[in-house]
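Student: I would like a close look at a single part of this model, the aromatic residues and what surrounds them. Could you take me through that part slowly, and then place it in the rest of the chain?

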Amino acid sequence: MISEALRLLRVYYNLTQSELAGDLNVSKSYISEVESGKKKASIDLLQHYAVRFQIPLSALFFFAEELQQGKAADRARGTVAMATLRILDRIAGGKEIEHH
């Protein structure tokens, strides 16, 4: 369920697929296909997400696992998982992520 985690991360920071694609130097269609689950996210792409959003790569996997525990439609779990990501980032000594 990494695709849903990536989508929620993008939406949380109020980015369009086009904006994120530009930031990651990939096509918008690739972002769309990854977020919809039509294509699998490569480790390279996940690393780009981690750098872009200034979070540990492991936090992306943790976030995806948290989402997988419940129904995909359960947005409350997504909110909790996102808060968990921010806590993990603070614990890791990360900087506050800028909103675009």
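Tutor: What follows begins with the chain as a whole, turns to the aromatic cluster, and then takes up the helices and loops around it.

The model is a predicted one, and its local features are taken only where pLDDT is at least 70. The chain has six helices and zero strands, and its elements, read along the sequence, give the pattern α-α-α-α-α-α. Of its 100 residues, 37% count as buried. Among the contacts between residues at least 6 apart in sequence, 60% join residues that are at least 24 apart.

Now to the rings themselves. A pair of aromatic rings is described by the distance of the centres and the angle of the planes. Searching the whole structure gives three aromatic pairs. In the pair formed by Tyr12 and Tyr13, the ring centres are 4.8 Å apart and the planes stand at 80°, so this pair is edge-to-face, an angle over 60 degrees being the cut-off for that class. Ring pairs join Tyr12 and Tyr13 with Tyr49 and Phe53 in a cluster.

The two neighbouring tyrosines can be set side by side by their accessibility. Tyr13 has a relative accessible area of 3% and is therefore buried, whereas Tyr12, with a relative accessibility of 38%, counts as partly exposed. Tyr12 belongs to helix α1, and its C-alpha atom is separated by 9.0 Å from that of Thr79, although the two positions lie 67 residues apart in the numbering of the chain. At another member of the cluster, Phe53, a charged side chain comes into the picture: Arg52 lies over the face of the Phe53 ring, at 5.0 Å from the ring centre.

Tyr49, also a member of the cluster, leads on to a helix packing, since Tyr49 is among the α4 residues that meet α5. Two packed helices are described by the angle between their axes and the distance between the axes. Helix α4 (residues 43-52) packs against helix α5 (residues 57-68) at an angle of about 100°, and the axes are 8 Å apart. The two helices are therefore roughly perpendicular to each other. On the α4 side the contact is made by Ile43, Leu46, Gln47, Tyr49 and Ala50, and on the α5 side by Leu57, Leu60 and Phe61. Sorted by class, this contact of α4 with α5 holds seven nonpolar residues, one polar residue and no charged residues.

The loops on either side of α2 deserve a look as well. Most residues other than glycine have a negative phi, and most peptide bonds are trans. Asn14, in the loop between α1 (2-12) and α2, has a phi near 55°, which is a positive value in a residue other than glycine. With a relative accessible area of 59%, Asn14 is exposed. Asn25, in the loop between α2 and α3 (28-36), likewise has a positive phi, near 60°, and is exposed, at a relative accessible area of 72%. The C-alpha atoms of Asn25 and Leu45 are 9.9 Å apart in space, with 20 residues of separation in sequence.

Between those loops, helix α2 (residues 17-24) contains Ser18, which counts as partly exposed at 43% relative accessibility. From C-alpha to C-alpha, Ser18 and Ile31 are 8.3 Å apart, and they are 13 residues apart in sequence.

To return to the part you asked about, the cluster of Tyr12, Tyr13, Tyr49 and Phe53 is linked by ring pairs, with Arg52 over the face of Phe53 and with Tyr49 taking part in the contact of α4 with α5.

Notes: Residues numbered from 1 in each chain as written. Heavy atoms only, no water. Phe/Tyr/Trp six-rings, centres within 6.5 Å; stacked < 30°, edge-to-face > 60°. Buried < 20%, exposed > 50% of the residue type's maximum accessible area, 1.4 Å probe, protein only. Lys NZ or Arg CZ within 6 Å of the ring centre and 35° of its normal. Axes fitted to C-alpha atoms, helices over the stretch in contact; angles between N-to-C directions. Helix = DSSP H or I, 4+ residues; strand = E, 2+ residues; numbered from the N terminus. Parallel < 35°, antiparallel > 145°, perpendicular 65-115°, else oblique. Contact = heavy atoms within 4.5 Å. Nonpolar A, V, L, I, M, F, W, Y, C, P; charged D, E, K, R; others polar.
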